[in-house]
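Trainee: I should be grateful for a close look at one helix-to-helix packing between two chains, set in the context of the chain it belongs to. Please treat it in one connected account.

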Amino acid sequence: MTSAAQFSERRKIWRRIVRNPLHLFTLSMVALLVLTALFADLLAPYGATEVVAYPFELPTAQFWLGTDSIGRDIFSRLIHGSRVSLYVGFASTAIAVVFGVPMGVVSGYFGKLTDTIMMRTTDGLLAFPPIILAMAMVAVLGTNLRNTIIAIGVVQIPRFARLVRGMALSLKESEFITAGRALGASHVYLMQRSLLPNLTSIILVQFTLTFATAVLTEAALSFLGLGAQPPAPSWGAMLLAGKALVSTNPYLALGAGSAIFITVLVFTLLGDTLTDLLNPYRTDR
Amino acid sequence: MTRYVARRLLHGILVMWIVSTAVFVIFRLVPGDPAAMTLGFDASPEDYEALREELGLNDPIHVQYLRWMGNLARGDFGKSITHGYAEVSSLVFPALGRTLELAALSILLAVIVAVPLGMISAIREGTWVDHIARVFTTLGFSMPTYVMGIGLLILLAEVFPLLPPGGYVPFGEDPVKHLSQLIMPVLTIASVTAARLTRFMRAGMLEVLSADYVRTARAKGLTERRVNYWHAFRNAAIPLVTEVGVNFGLLVGGMVVIEQIFIWPGLGWLMIQSILTRAFDVVQIAVLVSAATFVIVNLLVDLTYSWLDPRIARS
Amino acid sequence: MNTAAAQKPILDIRDITTSYHIRRSGAQKATTLVAVEDVTLSIKPGETVGLVGESGCGKSTLGRTIIRLLEPSAGMVSFAGQDITHFNHQEMRPLRQEMQIVFQDPYASLNPRFRVRQILYEPFRIHGISKAVASQKIPELLSLVQLPPDSLRRFPHEFSGGQRQRIAIARALALEPSFLVLDEPVSALDVSIQAQILNLLEDLQTELGLAYLFIAHDLSVVGQVSDRVAVMYLGRIVEEGPRDAVFNSPQHPYTIALLSAIPDISAAQGRQTRERTILVGDLPNPLDPPSGCRFRTRCWRGDQLCVEQDPPLAPVSDSLVACHYPGAENHWSARS
């Protein structure tokens, strides 16, 4: 169905992007981050764990941000670190979506006892400060990157479930759902084909915001020594190492700190951009 | 009103029950049980079995659950085998106190900054004051607390060595040192929190300022100044209570990293130390207590809110 | 419209009662709202029955009970000679092809995320009809409701209210039903568009031999399309009969009041005008209906008998009327 209408719909979104410098900036930054992560091996001058010089070197033309306590190139490690951050962000958010969305849809659609049980359970889980719950899970599962992903993902499940449940609750009374029932559609069909398409944009927006939180949490856990283990190039772990190194070479801490800050900022902005772009009812002047 | 309080209390108790069950599930049912966690993954099978027996992990799961809930109900948090059988509560509660001290001071500072800033920003909407305030709030919103903390540490302890780079001395021992150690962590948390509160206050004020009754007040001949300060402030400040409460609860959890950076022996610091030394019996109680603090703070906020604005309780 | 005399009814409902359980905040136990009570009605193939009443009188609930979107708490629904009162989802499925519904609000009844092609494909998909068959039928449906073929690529929000209602009708017709519930299909539309949609519905009826239950709160609209008319008040049918009988000699005071609210064309033509009867008071709380006759709180004919006894639906001239004192208004005003 490569129709003219579909084409014009795409063109409308494109026009909204081009007209708004903030959207343009956000999307190019996202693209830049993703490309950096994908092609880290090509972009970084040196390997992530490669010892290339003496330790504690200050920035030079060869080592743009100097070297760390083992003599690895800080700039290269920051580039490789984007891969860790975005991978954890994506994988853990995917876990939250895969479990949270169906839970929310079922809970909102059926209501009654299913909903009550679901809501009370999420009440309990949401009572934990997110990072504490993630830490507890990592403590039990063992500290490695895979478990960090699981922990961060699980913590976000109730948040997704809540959001989706609220939307499903208000949508299920819509007449187009009743129309589907009158046509003889099954509950599964109605949830999957009628409700879900109306939830995609809000899920997508929440995905980017959760993604930002996940990147932040991974860095925090790695900073605490509970996430990615050395010598993996995690920004959080580099920040921890940089803290000890502040007086000799502050660029490690500054570089890792800025990388986290920028990534979180960009994905938070992406949430706003998507909200604006995906609104089908918005009319352009 | 009484019924509302009773209902909220009941809900709080229900949530606490779910929370303690969740902690039980995490620490007993997730693969990698407390025994393995205590001993590490390379322990001998004999040691492992002996510890499982001592911890009662070989009992049926419902017996373990009832024992866990029973102990909690009596306020018995157990003894820590990795801390020479010290009472876990004697480790956790002093740490909680130090965390609350940090959180309370930070929130206080944040409110002192955010309320006037948000108000001025709203009253002088679109002027340079407003723009500066908005840049500050946007940056504060995306700035991870720990990045901010490290930045301050570099600035105030390394580049300009004005303050100690962290640590903790009890107030009773050396009040001056205690306070100087407080400055950086409080500044860090307060500035991030203030960003959120300022934004909230500004939005609330703008909403109220455009509302009809303020216009009526203006028409009645009150001065501009009194209109802004009195009517708008009261109505924008009440929802702020909720926002402060939400932030306070989040802080107790989010302070883990800050305490680690500034070596402040609060609840978060205790948790990290306990995880690294495999003291699961301390970790589980620390997790429970931080969630409980969150629940209690939310409860207090709800009750304060309904006291300030009785319509809530009636709806 | 064709009269289809002496045919077996396609739809037959007997003593239908439908109630909702409502839990009001603060109340200890749920209260029961009886939205439809003891309603009996039948519709013949190719016939249009108009169902009128104020909003909240239970007419939509009745429509939804008939096509079994709701389950009645008492009574019987039979469709094409088959008792479907307690059919479950699976048993209803084949019947969904035979009975369909068109809703009042064409803005809410079409999935905003679907293009028209997807909206019209849904009925086929749900009933496992192959895509090949569907893609052959979908353009036919579009021309049936007189929409241009390029509509298929558009989203609902690109259409006007009238066009959307055409899409909703096309969807309802996709599986070639023999009976449609039209739940206030034109109430949300501009008057000029209303006429177009009503004409379309009439054409479709002639062409496809459909039976309609036409629900409306506006008697004049019902008068244009119906063969028979049923008037509902607080969950009950108070008067039912052939269109001309109900319109020319209404018997129930409620019907008389509703009719007198219609702007009168004969007045403009200089003929003698009907006397206007203005209904006073609000609709009573359906959770706590009045004793005896439900209409008595707003009736000008009522007396002690109406307080004590609930009037049954009984034949009066050509119609069935539930009133202790039935009759045309001039008869009553002459007496007093």
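**From one exposed valine to a helix contact between chains**

Mentor: A:Val98 belongs to helix α4 of chain A, which covers residues 74–110. The model is predicted, and what follows should be read accordingly. A:Val98 has a relative accessible area of 53%; the cut-off for an exposed residue is over 50%, so A:Val98 counts as exposed. In sequence, A:Val98 is separated from A:Leu190 by 92 residues, and in space their C-alpha atoms are 18 Å apart.

The chain as a whole provides the setting. Chain A contains 12 helices and zero strands, and its pattern along the sequence reads α-α-α-α-α-α-α-α-α-α-α-α. A box of roughly 75 × 50 × 25 Å, taken along the principal axes, is filled by the C-alpha atoms of chain A. Of the 285 residues in chain A, 54% are buried. Among contacts in chain A with a separation of 6 or more, 69% join residues 24 or more positions apart. The area that chain A exposes is about 12000 Å², and 68% of that area is supplied by carbon and sulfur atoms.

Next come the neighbouring chains. Two pairs of chains touch, and the pair with the most contacts is chains A and B. Chains B and C, by contrast, do not touch, their nearest C-alpha atoms being 9 Å apart.

The part that merits the close look is the packing of chain A against chain C. Two packed helices are described by the angle between their axes and the distance between those axes. Here, helix α9 of chain A (residues 187–195) packs with helix α3 of chain C (residues 116–126) at an angle of about 160°, and the two axes lie 13 Å apart. Because angles over 145 degrees count as roughly antiparallel, that angle makes α9(A) roughly antiparallel to α3(C). The crossing in which α9(A) passes α3(C) is right-handed.

Which residues of α9(A) and α3(C) meet? On the side of α9(A) they are A:Tyr189, A:Arg193 and A:Ser194, and on the side of α3(C) they are C:Glu122, C:Arg125 and C:Ile126. Sorted by class, this contact of α9(A) with α3(C) holds three charged residues, two nonpolar and one polar.

To draw the account together, the packing of α9(A) with α3(C) is roughly antiparallel and right-handed in its crossing, with three charged residues in the contact.

Note on methods: Residues numbered from 1 in each chain as written. Chains lettered and ligands numbered in written order. Predicted model: local features only at pLDDT ≥ 70, side-chain atom pairs only at ≥ 80, totals over all residues. Heavy atoms only, no water. Axes fitted to C-alpha atoms, helices over the stretch in contact; angles between N-to-C directions. Helix = DSSP H or I, 4+ residues; strand = E, 2+ residues; numbered from the N terminus. Parallel < 35°, antiparallel > 145°, perpendicular 65-115°, else oblique. Left-handed = near helix turned anticlockwise from the far one by under 90°. Contact = heavy atoms within 4.5 Å. Nonpolar A, V, L, I, M, F, W, Y, C, P; charged D, E, K, R; others polar. Buried < 20%, exposed > 50% of the residue type's maximum accessible area, 1.4 Å probe, protein only. Areas by Shrake-Rupley, 256 points an atom, 1.4 Å probe, with all protein chains shown as cover.
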